[in-house]
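Student: I am new to this structure and would like to go through it with you carefully. Could we take it one question at a time, with the reasoning behind each answer?

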Amino acid sequence: MKNIRNILGFNPLLFTGQISIEMSTMCNNSKIHTTCPIHYMKKEVMSLEAIEKILIELGKYNYNGILSPYSYSEPTIDPRLYVVLNMIKKYIPKAIPYIITNGFFITKTIVEELIQRGVKKFKFSGYTPDDYERLCKISREQRGKAIFTVDKMFPYQDKLDKRVDRYDIEPINLNTPCHAPLGHLLINVKGEVVLCCYDWKYTYTFGSVKEKSLREILISDKVLSMYSALSKGERYKFNICSKCEKIR
């Protein structure tokens, strides 16, 4: 663990390929999509001040991986999205902004405006056959300007790999290595660095960026000990990880 801390002391994001910032816990589909964890979350919003603080620190380390203003929320319903994208462009020009959306508000014009603000990757979810075809058409029209993925999400009741119930299943105790919480870094709406999106109840948290720097949190004993164990496949040591087959 000491060696990992020494390595990350200069750049705590050295092992991080993707960062998700949960700007809010709101989604226009939350009332009907009961298999999504956001259906069970209290409505909250992260302040622009907190978001800017995170982005400024990411810029200090010239972060050049994927950056999503999203966890389970719907980013296109947040009126501050363009403001945040402009901040990303300003503070972290090498980052790869990635918009994951249910596609309800997506139009060709919206996509063009998001690309102008630096978005390089999109993932759309089509919840009906008509929506799926509409989003595929927009993706084809914008091909070459960004990377697009369109997922079929119908019937939506069967999607999201039953993660709502993950806490209640029996442990499977796989020994497959996982790189959480550093590989895909998740900062929740409260500003807390958390284990990953599969632990949507946030049973493992590591500190808030409102109180500490991101560097202080990421090189803490709590983060590094968990990262060290999971990278060796010791999922059995942590309740939610013992029930998970994913790799972050």
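Student: Which residues is L55 in contact with, leaving aside its neighbours within four places in sequence?

Tutor: In this predicted model, L55 is in contact with I21, L67, V84, M87, I88, Y91 and I92; contact here means that heavy atoms lie within 4.5 Å.

Student: What makes L55 stand out in the largest nonpolar core?

Tutor: That core has 75 residues, and L55, L58, L67, F122 and L195 are the ones that touch the most other members. Helix α7, residues 221-231, supplies the largest share of this core, with 6 residues. In soluble globular proteins, nonpolar side chains tend to be buried together.

Student: How many of the 248 residues in the protein chain, as a percentage, are buried?

Tutor: Buried residues make up 52% of them, where buried means under 20% relative accessible area.

Student: Why is the protein chain called as compact as a globular protein of that length?

Tutor: The protein chain contains 8 helices and 8 strands. Its radius of gyration is 18 Å, and the globule rule gives 18 Å for 248 residues, so the two values are close and the description "as compact as a globular protein of that length" follows. Along the principal axes, the C-alpha atoms fill a box of roughly 50 × 45 × 30 Å.

Student: What share of the contacts between residues at least 6 apart in sequence joins residues at least 24 apart?

Tutor: In the protein chain, that share is 73%.

Student: What supplies the area that the protein chain exposes?

Tutor: Of the exposed area of about 12,000 Å², carbon and sulfur atoms supply 53%.

Conventions: Residues are numbered from 1 along each chain as its sequence is written. This is a predicted model: local features need pLDDT of at least 70, side-chain atom pairs count only at pLDDT 80 or more; totals for chains, interfaces and linings use all residues. Side-chain values use heavy atoms; hydrogens and water are left out. Helices (H or I, at least four residues) and strands (E, at least two) are DSSP runs, numbered from the N terminus. The radius of gyration is taken over C-alpha atoms; the globule rule is 2.2 Å times the number of residues to the power 0.38. Buried means under 20% relative accessible area, exposed over 50%, partly exposed in between (1.4 Å probe, protein chains only). Accessible areas come from the Shrake-Rupley method with a 1.4 Å probe; for residues, only the protein chains shown count as cover. A nonpolar core is a set of buried Ala, Val, Leu, Ile, Met, Phe, Trp, Tyr and Cys residues joined through side-chain atoms within 4.5 Å.
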